[in-house]
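Biologist: I am new to this structure and would like to know what the words used for it rest on. Please take me through it.

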Amino acid sequence: MRQRPVYMVFEGVVTHLEIAPGMMGRYDGCTQMVTVENEAGNTVNFLMNASTFVVDYTTLYESMPVTVFYSGDTAVPAIYPPQYEAAVIAPRQEGQNVFVGYFNNLLMSSDQRLKLNLAPTTQVVTSNNQTFMGNPGNHTLAVQYSQTTRSIPAQTTPERVIVLCGM
């Protein structure tokens, strides 16, 4: 059985953006280094490349509050500040939450923390904003929602579900 990805989360404010070397070490403009600092003053550098999904296709800028999701399963260089490849970057918005994780066919997250209850009004799309025609279960999803129940697991009827095909 294939191991499901585990996503780690870092929340903070973008403090710096710069071009970074991409494939083969070339500065081709397709990869950027996004530096994010949290409230405790911890800084993390994230590589944002063509495979990074930015929620709502928002252009990042310095001072923007963001939540960054990155793979907890990949090896990282022992450098300071730490550097990870960003899988998903979500601009933080008042009243909106984003969760990234693998969901089974019953729409339960692999960490058992969130159960999705889709409604007819829930938008289910691919990462290029096309209507997803299948069952979003058994995929890695970026879920946008505003409220959850206080149950265990928390349940939500999301506003939007983005199916991250191939992740």
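**Loops, strands and pockets**

Modeller: Let us start at Pro81, which is placed in the loop between β5 and β6. Those names belong to strands, DSSP runs of E with at least two residues, numbered from the N terminus. The model is predicted, so local features need pLDDT of at least 70 and side-chain atom pairs 80 or more, while totals for chains, interfaces and linings use all residues. Residues are numbered from 1 along each chain as its sequence is written, and side-chain values use heavy atoms, without hydrogens and water.

Biologist: What makes the bond from Tyr80 to Pro81 worth a look?

Modeller: This peptide bond is cis, with omega near -5 degrees. Most peptide bonds are trans. The bond from Ile152 to Pro153 is cis too, with omega near 0 degrees, and Pro153 lies in the loop between β10 and β11 (154–156).

Biologist: What is the sign of phi at Asp56, and where is Asp56 found?

Modeller: Phi of Asp56 is positive, near 65 degrees, in a residue that is not a glycine. Most residues other than glycine have a negative phi. Asp56 is in the loop between β4 (53–54) and β5. Gln112 also has a positive phi, about 65 degrees, without being a glycine, and its place is the loop between β7 and β8 (114–116).

Biologist: Why is Asp56 called partly exposed?

Modeller: Its relative accessible area is 32%. Buried means under 20%, exposed over 50%, and partly exposed in between, using a 1.4 Å probe and protein chains only. At 32%, Asp56 falls in between, so it is partly exposed. Gln112, at 47%, is partly exposed as well.

Biologist: And what makes Ala40 exposed?

Modeller: Ala40 has a relative accessible area of 62%, so it passes the mark for exposed. Ala40 lies in the loop between β2 (32–37) and β3 (43–48). Ala40 and Phe99 are 59 residues apart in sequence, with 22 Å between their C-alpha atoms.

Biologist: How many disulfides does the structure hold?

Modeller: Zero. A disulfide needs a pair of cysteine sulfur atoms within 2.5 Å, so a count of zero means that no pair meets that limit. As for the cysteines, Cys30 is exposed at 53%, whereas Cys165 is partly exposed at 47%.

Biologist: How do you know that β10 and β12 pair?

Modeller: Two strands pair if DSSP finds at least two bridges between them. β10 (residues 139–145) and β12 (residues 160–163) have four, in the antiparallel sense, so they pair. Leu141 stands opposite Val163 in β12, and Ala142 opposite Ile162 in β12. β10 also pairs with β7, again in the antiparallel sense, over seven bridges; there, Phe103 has His139 as its bridge partner in β10.

Biologist: Which sheet do these strands form?

Modeller: They belong to an open sheet of four strands in the order β7-β10-β12-β9, with mixed pairing. β7 (97–103) and β9 (123–126) are called edge strands because each pairs on one side only. β10 is largely enclosed by the rest of the structure, because six of its seven residues are buried.

Biologist: What makes a space a pocket?

Modeller: On a 1 Å grid over the protein atoms alone, a pocket is an open set of points where a 1.4 Å probe fits, with protein on both sides within 12 Å along at least five of seven lines; lining residues have an atom within 4 Å of a point. The largest pocket has a volume of about 440 Å³, the space filled by probe spheres set on points joined across faces, edges and corners. It is lined by 24 residues, and Val9, Phe69, Val98, Phe99 and Val100 are the closest to its centre. β7 gives the largest share of this lining, six residues.

Biologist: How many residues of each class line the largest pocket?

Modeller: There are 12 nonpolar, seven polar and five charged residues. Nonpolar covers Ala, Val, Leu, Ile, Met, Phe, Trp, Tyr, Cys and Pro, charged covers Asp, Glu, Lys and Arg, and the others, Gly among them, are polar.

Biologist: Which element gives the most to the lining of the second largest pocket?

Modeller: β6, with five residues. That pocket has a volume of about 330 Å³, and its lining has 11 nonpolar, four polar and two charged residues.
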